[in-house]
Amino acid sequence: MVNSDSPPRILFLYGSLRKRSYSRLLAEEAARIIGGFGAEVKFFDPRELPVRDSVLETHPKVQELRELSQWSQGQVWSSPEMHGNITGILKNQIDWIPLTIGSVRPTQGKTLAVMQVSGGSQSFNAVNTLRILGRWMRMFTIPNQSSVAKAYQEFNEDGTMKDSPYRDRVIDVMEELYKFTLLLRDQSDYLTDRYSERKEKALKQSKSIENCLPKFVN
């Protein structure tokens, strides 16, 4: 049972292993912001995460990622744009999170915010791809998003983000994610309950299909 008074739990994934990774710096800035709103935040470090299916699912980094995904009530995916799309580093993390683990759906009903950084002019290729992935993972992707152009100009030496319209947008995105997570986390089971899945379960249990039809209160 979720405690409605508990801080929203937000997981951050980023898509670069560089020492000065701007997708990580953007995620860290966003984490400080949403943490200031009252959220509890955690990061997954993608270093040493094997390529999907190259090892068993019992690998410690795979288990760590999946446990963090189940822990979270919302997530933030931050990727560089490389060759017009997201990086393999971030896609590999998402690929390791399955749609189902037994009867548990690790991402279904969770909120999601998407962000990207670019080395050149502003683009939305990466965030558009992340939106497709979020929908496929059955997540509630919030309307707002962040795309930071010429990211190398937007961060201070200590890794914090300079005051700019780009940072203002990050604040907007985190505020929206925080609000959506508060509104949806206690309702996710109801909102993601599907007739087709009830039907499949009923057939397995030899129950009447009529009992699976949705019933709404006027």
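Contact here means heavy atoms within 4.5 Å. In the predicted model, this criterion gives L112 the following partners, residues up to four places away in sequence being left aside: Q75, V76, W77, L130, G134, M139, F140, T141, I142 and L177. L112 lies in strand β4 and is buried, with a relative accessible area of 0%. Several of these partners can be placed in the secondary structure. Q75, V76 and W77 fall within the span of β3, residues 74-80, and L130 and G134 fall within that of α4, residues 125-136. L177, a further partner of L112, is one of the buried residues of α5. A separation of 23 residues in sequence lies between L112 and R135, whose C-alpha atoms are 9.6 Å apart in space.

The protein chain as a whole contains 7 helices and 6 strands. Their order along the sequence is β-α-β-α-β-α-β-α-β-β-α-α-α. For the 218 residues, the globule rule gives a radius of gyration of 17 Å; the value for the chain is 19 Å, close to that figure, so the chain is as compact as a globular protein of that length. The C-alpha trace spans about 65 × 45 × 30 Å along its principal axes. Buried residues make up 45% of the 218. Among contacts with a separation of 6 or more, 75% are accounted for by residues 24 or more positions apart. The accessible surface of the chain amounts to about 11900 Å², and carbon and sulfur atoms contribute 52% of this area. The chain carries 30 positive and 26 negative charges, and the mean positions of the two sets lie 4 Å apart.

Two helices were examined in detail. Helix α1, residues 22-37, has 16 residues and extends 23 Å from its first C-alpha to its last, close to the 22 Å expected at 1.5 Å a residue. The buried residues of α1 are Y22, S23, R24, L25, L26, A27, E29, A30, A31, I33 and I34. These buried residues pack against the strands β1 (9-14), β2 (40-43), β3, β4 (111-117) and β6, and also against helix α5. After α1 comes G38, which has a positive phi near 125°.

Helix α5 comprises the 20 residues 165-184; at 1.5 Å a residue it should span 28 Å, and the end C-alpha atoms are 28 Å apart, so the two values agree. In α5, the buried positions are V170, V173, M174, E176, L177, Y178, T181 and L184. Helix α5 is thus linked to both elements described above, because α5 is among the elements against which the buried residues of α1 pack, and L177 is among the partners of L112.

The loop between β6 and α5 contains both E154 and K150. With a relative accessibility of 11%, E154 counts as buried. Leaving out residues up to four places away in sequence, E154 touches V148, A149, T160, M161, K162, S164 and Y166. One of these partners, S164, is 10 residues from E154 in sequence, with a C-alpha to C-alpha distance of 7.9 Å. K150, in contrast, is partly exposed, with a relative accessible area of 38%. K150 has a positive phi of about 45° although it is not a glycine.

A positive phi, of about 55°, is also found at H83, again not a glycine. H83 is located in the loop between β3 (74-80) and α3 (88-96), and its relative accessible area of 82% places it among exposed residues.

Two further positions complete the description. S121 belongs to the loop between β4 and α4 and is exposed, at 59% relative accessible area. Along the chain, S121 and S147 are 26 residues apart, and their C-alpha atoms are separated by 10.0 Å. A202, by comparison, forms part of helix α7, residues 195-204, and is buried, with a relative accessible area of 5%. The C-alpha atoms of A202 and C212 are 7.3 Å apart in space, for a sequence separation of 10 residues.

Note on methods
Residues are numbered from 1 along each chain as its sequence is written. This is a predicted model: local features need pLDDT of at least 70, side-chain atom pairs count only at pLDDT 80 or more; totals for chains, interfaces and linings use all residues. Side-chain values use heavy atoms; hydrogens and water are left out. Helices (H or I, at least four residues) and strands (E, at least two) are DSSP runs, numbered from the N terminus. The radius of gyration is taken over C-alpha atoms; the globule rule is 2.2 Å times the number of residues to the power 0.38. Buried means under 20% relative accessible area, exposed over 50%, partly exposed in between (1.4 Å probe, protein chains only). Accessible areas come from the Shrake-Rupley method with a 1.4 Å probe; for residues, only the protein chains shown count as cover. Lys and Arg count as positive and Asp and Glu as negative; His and the chain ends are not counted. The place of a charge is taken as NZ of Lys, CZ of Arg, CG of Asp or CD of Glu. The expected span of a helix is 1.5 Å times one less than its number of residues.
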